[in-house]
Amino acid sequence: MSEAQPRNNFIRELVAADVATGRFGRPVATRFPPEPNGYLHIGHAKSICLNFGLAQEFGGRCNLRFDDTNPFTEDMKYVEAIRHDIRWLGFEWSEERYASDYFDTLYEVAERLVRNGGAYVDSQDEEAIRENRGTVTEPGTPSPHRGRSVEENLDLLRRMKAGEFPDGAHVLRAKIDMAHPNMIMRDPLLLRIRHASHYRLGDAWCIYPLYDFAHGLSDAIEGITRSLCTLEFKDNRDIYDWLVRAAGYEHPPLQVEFARLELDYTIVSKRKLLRLVNEGHVTGWDDPRMPTIAGLRRRGVTPEAIRTFADTIGVARKPARVEMATFEHAVRNDLNMRVPRVMCVVSPLKVVLTNYPEGQVEELEASYYPHDVPLTGSRMIPFSRELWIEREDFLENPPKKFFRLTPGREVRLRYGYLITCREVVKDDRGQIIELHCTYDPTTRGGDAPDGRKVQGTIHWVSAARGIDCEVRLYDKLFTVPDPEAGGNDDDFTAYVNPESLVVVQGAKVEPSVLSDPVESRYQFERVGYFVQDATDSTPARPVFNRTVTLRDSWAKVKPQA
RNA sequence: UGCCCCUUCGUCCAAUGGCAGGACAGUGGCCUUUGGAGCCACGAAUCUUGGUUCGAAUCCAAGAGGGGCAACCA
């Protein structure tokens with residue numbers, strides 16, 4: 001499946017200009033640099049599409065680099081999940097690298113910085129460092145250790161590395177300017193002591209670089225040309241440039257910032273997503289309500305839909321909040337053209353065809369695809385005297401423009417027969433328990449030989465041969481468009497949508513799906529797109545996750561109950 | 001409050017000094033064996049005020065509004 005030309009954006013123009021002028025003297029090189037401390041989400045997908053897409057388009061390369069500088073939070077299981085998700089999205093990296101590959105080089109740079117007076121060992125505690133940094137309106141105060149001699153600094157740094165000091169005893173800081181208007185530049189921390197096992201390197205190190213120290217230099221080592229990151233790193237660009245210059249790289253990479261994706265009714269903060277998992281608001285990183293790649297996959301979303309979505313939203317420097325409708329459109333648009341239609345009654349109401357022979361079952365042919373989808377194929381569906389129809393497809397006292405079944409009205413059973421409702425059967429409490437209808441034997445397949453038109457077509461499943469299944473109706477994760485808006489970090493869980501998952505037992509699906517593998521996607525006609533759940537669905541007990549509803553123009557005209 | 005960034009239809013993105021355009025959403029219609037899909041049409045924006053220019057969304061200035069930065073997180 002070919003995707004349209006990527007739409008233009010300012011980064012693409014920068015890269016095109018680089019190529020035209022030969023600015024870096026090397027081919028286009030980008031990187032996707034996740035920290036292996038959580039799962040990738042839809043926001044990362046935007047970055048992945050950008051970085052890998054640019055490399056592809058300009059004949060360059062794109063590395064996958066794990067930014068693993070914090071031994072407290074990182075884990076190999078995240079590395080594996082991240083690799084899997086990127087490949088599932090349809091991208092392959094040129095090389096797999098790790099910031100931890102560069103710890104030796106980073107340490108050499110640190111010593112060199114110390115030798116030429118560009119860095120010093122500070123022995124203030126964490127709190128003192130923070131206080132002495134000053135505020136946005138007041139300059140910081142230099143550390144009492146700022147004037148240490150090169151010899152002393154070198155000695156301390158080596159002993160830090162050798163493990164002679166406990167966590168927090170010393171840090172290595174760049175010596176820049178404690179009064180710098182950019183807070184980031186007030187002698188930023190480079191190395192800190194952490195007596196912790198690294199998930200990859202074990203106990204080889206007890207000093208670990210901070211993001212600012214590791215990132216730009218890692219880019220430079222890999223020969224990255226444009227280092228793409230999100231807007232909140234704008235201020236870090238100063239230290240990025242300072243470091244790659246200090247380390248002596250020619251034609252160093254250039255950082256370019258773009259706006260991260262904010263999607264309505266969900267969140268894309270790894271830290272907050274982790275909380276949803278830990279506090280049990282969802283069942284895991286791959287809960288289909290999660291905006292993670294793993295969650296979207298389990299929800300039934302395709303990689304193509306995600307890539308199209310990424311292209312649709314574009315890339316800019318303005319913080320942007322995208323409507324869920326934009327995402328849903330990308331999903332429906334893709335699914336519409338590729339998945340077979342089958343019938344499933346989510347909330348069944350029994351229909352008895354009083355003039356249909358008892359015990360008879362016929363097999364009717366039903367196309368998998370509508371006329372306007374260029375795919376072919378069909379299956380046979382059993383038709384019998386007793387059927388299930390959707391409870392909401394019958395109304396005893398219908399409002400205007402209700403085209404479905406009502407007393408005395410004729411409707412079409414899709415690919416079946418025209419039926420007319422003759423009698424409404426209720427229980428003692430007045431609840432409708434079944435409908436008695438008659439069918440017109442001359443309308444097999446759904447066409448009337450006399451050419452009469454029926455306004456409504458409804459879906460159905462044979463009661464004799466329908467399969468019991470579980471249907472999981474997923475909806476937006478939060479009840480408000482921006483759950484993080486309050487500013488209070490703790491508030492967002494209060495907005496978790498209690499109806500984000502509605503589990504329906506006793507739905508009835510046509511038997512054809514039994515032979516399909518798990519993760520098969522369908523459109524349940526008139527209901528929505530669904531996928532057989534990857535982990536819970538079995539032939540004995542099929543489970544279907546709703547990926548997205550169909551557009552429902554009836555919902556707009558329907559009078560509110 | 002210091003520094004930095006941003007500001008175009010309801011939303012997202014184009015227009016790179018020369019007719020403000022697309023997508024999503026919305027509205028009306030056509031079509032329809034999915035109230036799906038598709039097709040047609042309609043409405044909808046350059047934050048404000050000055051300046052430069054034959055000509056400004058675009059360049060300059062001021063203002064307003066929004067966002068980021070004061071973790072030994074990334």
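This briefing walks through a few spots in the structure above: the surroundings of an RNA strand, the empty spaces in the protein, and two arginines. Keep in mind that the model is predicted. RNA strand B has 69 residues around it, and the largest pocket has a volume of about 1400 Å³. Arg422 is exposed, whereas Arg226 is buried.

**Around RNA strand B**

- If you want a place to start looking, try Arg7, Glu13, Arg192, Arg194 and Gly445, which come nearest to RNA strand B out of the 69 residues around it.
- Sugar and phosphate make up 61% of the RNA strand B atoms that come within 4 Å of the protein.
- Tyr211 has a backbone N or O atom sitting 3.0 Å from a phosphate oxygen of RNA strand B.
- Val315 also uses its backbone: one of its polar backbone atoms is 3.2 Å from a phosphate oxygen of the strand.
- With Arg551 it's the side chain, where an N or O atom lies 3.5 Å from a phosphate oxygen of RNA strand B.
- Two or more residues of the surface near RNA strand B come from each of these elements: helix H5 (126-132), strand E6 (189-193), strand E11 (320-322), helix H12 (324-336) and helix H13 (553-557).
- H12 has the largest share of that surface, with 4 residues.
- Sorted by character, the surface near RNA strand B has 29 charged, 20 polar and 20 nonpolar residues.

**The largest pocket**

- This pocket has a volume of about 1400 Å³, and 42 residues line it.
- Closest to the pocket's centre are Glu392, Arg404, Arg526, Arg551 and Asp552.
- You've met Arg551 already, as its side chain has an N or O atom 3.5 Å from a phosphate oxygen of RNA strand B.
- At least two lining residues come from each of H12, strand E21 (457-458), strand E27 (543-549) and H13.
- H13 gives the most to this lining, with 4 residues.
- The lining of the largest pocket splits into 16 nonpolar, 15 charged and 11 polar residues.

**The cavities**

- Rolling a probe the size of a water molecule over the atoms is how empty space shows up.
- Searching the whole structure turns up 3 cavities of 30 Å³ or more.
- The largest cavity has a volume of about 40 Å³.
- Its lining is made of Met343, Ile381, Pro382, Trp460, Val461, Ser462, Glu510 and Pro511.
- Strand E16 (378-384) and strand E22 (460-462) each add at least two residues to the lining of the largest cavity, and E22 has the largest share, with 3 residues.
- By character, the lining of the largest cavity comes out as 6 nonpolar, 1 polar and 1 charged.
- For the second largest cavity, the volume is about 40 Å³.
- Phe103, Leu106, Tyr107, Leu191, Trp205, Ile207 and Pro209 line the second largest cavity.
- Helix H4 (103-115) and strand E7 (207-209) are the elements that give two or more residues to this second lining, with H4 holding the largest share at 3 residues.
- The lining of the second largest cavity has 7 nonpolar residues, no polar ones and no charged ones.

**Arg422, an exposed arginine**

- You'll find Arg422 in strand E19 (residues 418-426).
- Arg422 has a relative accessible area of 56%, so it counts as exposed, a label that needs over 50%.
- Leaving out neighbours within four places in sequence, Arg422 is in contact with His436, Cys437 and Thr438.
- With Thr438 there is also a polar contact of 2.8 Å, side chain to side chain.
- For a sense of scale, Arg422 and Asp101 are 76 Å apart, C-alpha to C-alpha, and 321 residues apart in sequence.

**Arg226, a buried arginine**

- Arg226 belongs to strand E8 (residues 226-230).
- Its relative accessibility is 7%, and because buried means under 20%, Arg226 counts as buried.
- Once neighbours within four places in sequence are set aside, Arg226 is in contact with Leu14, Val15, Asp18, Arg23, Phe24, Ala29, Thr30, Leu254 and Val256.
- Asp18 is worth a look in that list: its side chain makes a polar contact of 2.6 Å with the side chain of Arg226.

How values were computed
Residues are numbered from 1 along each chain as its sequence is written. Chains are lettered from A and ligands numbered from 1 in the order in which they are written. This is a predicted model: local features need pLDDT of at least 70, side-chain atom pairs count only at pLDDT 80 or more; totals for chains, interfaces and linings use all residues. Side-chain values use heavy atoms; hydrogens and water are left out. A residue is near a molecule or strand if one of its heavy atoms lies within 4 Å of it. A polar contact is a pair of N or O atoms within 3.5 Å; within protein, one must be able to donate a hydrogen and the other to accept it, and residues adjacent in sequence count only if both atoms are side-chain atoms. Ala, Val, Leu, Ile, Met, Phe, Trp, Tyr, Cys and Pro count as nonpolar, Asp, Glu, Lys and Arg as charged, and the others, Gly among them, as polar. Buried means under 20% relative accessible area, exposed over 50%, partly exposed in between (1.4 Å probe, protein chains only). Contact means heavy atoms within 4.5 Å. On a 1 Å grid over the protein atoms alone, a cavity is a set of points where a 1.4 Å probe fits but cannot get out, and a pocket is an open set with protein on both sides within 12 Å along at least five of seven lines; lining residues have an atom within 4 Å of a point. Grid points are joined across faces, edges and corners, and a volume is the space filled by probe spheres set on the points.
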